[in-house]
Amino acid sequence: MVETLGGLRHRVEVQDATYVSDSRGGFTETWATSSTIWADVIPLSGRELFYADLESRKVTHRIVMRPRSLDAQKQRIMFGDRLFKIQYVRDPLPGAMRGYIEVMVTE
């Protein structure tokens, strides 16, 4: 759960996978930014990493943002030069965090 939000202070890009055909009949995966949004990128603490492992997912960060549809198989999040693979989305958050989603990611 998010202890403090501190505002959506990070500019992140949501990127979509696209597949371009090559000359040999195969495809090459490329990524294109579909939207640039404000979010909060939060590294997980040691205890949170332990519980993330118990869920059988290797989660290193959580990203809090306004609700949007995300596809873990076809999208990723870029923050500066850092890439994050979407593992799963928790939404909506309860209480004071209502109106936000929590995206659990691996760097």
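How many strands make up the closed barrel, and in what order do they run?

1. In this predicted model, the closed barrel consists of six strands, which follow one another in the order β1-β2-β3-β6-β5-β4 with antiparallel pairing. Neighbouring strands of this sheet are turned against each other by 45° on average, with direction ignored.

2. One of the pairings to look at in the structure joins strand β1, which covers residues 10-21, to strand β4, which covers residues 75-79, and this antiparallel pair is held over four bridges. For orientation along these two strands, E13 can be found opposite M78 in β4.

3. Strand β3, made up of residues 61-65, is largely enclosed by the rest of the structure, because five of its five residues are buried, that is, under 20% relative accessible area. The side of the strand makes no difference to this burial: H61, I63 and M65 point one way from β3, while R62 and V64 point the other way, and all are buried.

4. On one pairing of β3, five bridges connect this strand to strand β2, residues 27-43, and the two run antiparallel. Within this pairing, I42 stands opposite R62 in β3, and R62 is itself among the buried residues of that strand.

5. A further pairing of β3 is with strand β6, residues 101-106, where five bridges again join strands that run antiparallel. Here V64 is placed opposite E102 in β6, and V64 points the way that R62 does from β3, both being buried. These two pairings agree with the order of the barrel, in which β3 is listed between β2 and β6.

Technical notes:
Residues are numbered from 1 along each chain as its sequence is written. This is a predicted model: local features need pLDDT of at least 70, side-chain atom pairs count only at pLDDT 80 or more; totals for chains, interfaces and linings use all residues. Side-chain values use heavy atoms; hydrogens and water are left out. Two strands pair if DSSP finds at least two bridges between them. Axes are lines fitted to C-alpha atoms, for helices over the stretch in contact, and angles run from 0 to 180 degrees between N-to-C directions. Buried means under 20% relative accessible area, exposed over 50%, partly exposed in between (1.4 Å probe, protein chains only).
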